[in-house]
Amino acid sequence: MADSIPLDPVDLHILRLLQNDARTTYRDLAAEVGIAPSTCLDRVNRLRRSGVILGHELRIDPAKLGRGLQAVLLVQVRPHRRDLIGPFVERVRALPESRALFHLTGPDDYLVHVAVTGAADLQRLVLDEFTSHREVARVETRLIFQQWDCGPLLPPP
């Protein structure tokens with residue numbers, strides 16, 4: 001696991017602003033933080049090099065693409081061995097319906113967030129892409145009624 005790196009209040013301010021709008025220009029970012037644009041660029045580049053900033057992403061509404069039903073699948077893989085979980089993870093990550101995949105502790109091994117066109121598509125996904133594989137012992141499905149984004153991830157005080 002990567003060690004945390006020291007961040008000063010200016011770094012934290014930059015991160016907070018970029019998390020809320022990653023398209024903010026360096027000029028606007030620098031003005032808001034109170035530093036020169038060149039200093040701001042240097043700091044953002046340092047945050048990228050050190051791995052604090054992992055990238056920028058485009059968020060798309062799945063419903064606007066015809067995938068209005070979202071669910072989480074709780075999956076047990078048996079036996080839970082590296083030679084089985086590696087291909088399982090790659091297969092799930094390659095599915096166009098997959099939004100996120102989490103390896104868990106407890107009775108379930110994986111949580112898979114999916115977006116599908118409807119109930120029939122969800123059934124097809126579970127039967128054809130999960131339970132049809134010998135290593136998948138169980139799939140439990142939970143529909144997502146609503147989702148909220150949370151605030152910026154900043155280090156604890």
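These exercises, with worked solutions, cover the sheet, helix packing and selected residues of a predicted model.

Residues are numbered from 1 along each chain as its sequence is written, and side-chain values use heavy atoms, with hydrogens and water left out. In this predicted model, local features need pLDDT of at least 70 and side-chain atom pairs count only at pLDDT 80 or more, while totals for chains, interfaces and linings use all residues.

**Exercise 1. Work out the strand order of the sheet and name its edge strands.**

Solution.
- Start with the elements. Helices (H or I, at least four residues) and strands (E, at least two) are DSSP runs, numbered from the N terminus.
- Apply the pairing rule: two strands pair if DSSP finds at least two bridges between them.
- Take E1 and E3. Strand E1 (residues 69-77) and strand E3 (residues 110-116) are antiparallel and share seven bridges.
- Take E2 and E3. These strands also run antiparallel, joined by five bridges.
- Read off the order: E2-E3-E1-E4, an open sheet of four strands with antiparallel pairing.
- Identify the edges. Strand E2 (98-103) and strand E4 (136-144) each pair on one side only.
- Add the twist. Neighbouring strands are turned by 20° against each other on average, direction ignored. Axes are lines fitted to C-alpha atoms, for helices over the stretch in contact, and angles run from 0 to 180 degrees between N-to-C directions.

**Exercise 2. Find the partners in E3 of Leu69, Gln70 and Leu101.**

Solution.
- Leu69 lies opposite Val116.
- Gln70 faces Ala115.
- Leu101 has Val112 as its bridge partner.
- Check the hairpin of E2 and E3. Six residues lie between the strands, and Gly106 has a positive phi near 95°.
- Check burial of E3. Buried means under 20% relative accessible area, exposed over 50%, partly exposed in between (1.4 Å probe, protein chains only). Six of the seven E3 residues are buried, so the strand is largely enclosed by the rest of the structure.

**Exercise 3. State which strands H4 and H5 touch.**

Solution.
- Fix the criterion: contact means heavy atoms within 4.5 Å.
- Helix H4 (residues 82-94) packs on the sheet and touches E1, E2, E3 and E4. Its direction makes about 155° with that of E2.
- Helix H5 (residues 119-130) also packs on the sheet, touching E1, E3 and E4. Its direction makes about 20° with that of E1.

**Exercise 4. Classify the packing of H1 on H3.**

Solution.
- Helix H1 (residues 9-20) and helix H3 (residues 37-49) have axes 11 Å apart, at an angle of about 80°.
- H1 is therefore roughly perpendicular to H3. Angles under 35 degrees count as roughly parallel, over 145 as roughly antiparallel, 65 to 115 as roughly perpendicular and the rest as oblique.
- List the contact. H1 supplies Val10, Asp11, Ile14, Leu15 and Leu18; H3 supplies Cys40, Arg43, Val44, Arg46 and Leu47.
- Sort these residues: seven nonpolar, no polar and three charged. Ala, Val, Leu, Ile, Met, Phe, Trp, Tyr, Cys and Pro count as nonpolar, Asp, Glu, Lys and Arg as charged, and the others, Gly among them, as polar.

**Exercise 5. Check the cysteines, the cis peptide bond and Asp3.**

Solution.
- Search for disulfides (a pair of cysteine sulfur atoms within 2.5 Å). The whole structure has zero.
- Cys40 is buried, at 0% relative accessibility. Cys150 is exposed, at 73%.
- Arg78 and Pro79 are joined by a cis peptide bond, with omega about -10°. Pro79 sits in the loop between E1 and H4.
- Asp3 belongs to the segment before H1 and is exposed at 71% relative accessibility.
- The C-alpha atoms of Asp3 and Ser132 are 40 Å apart, with their positions 129 residues apart along the chain.
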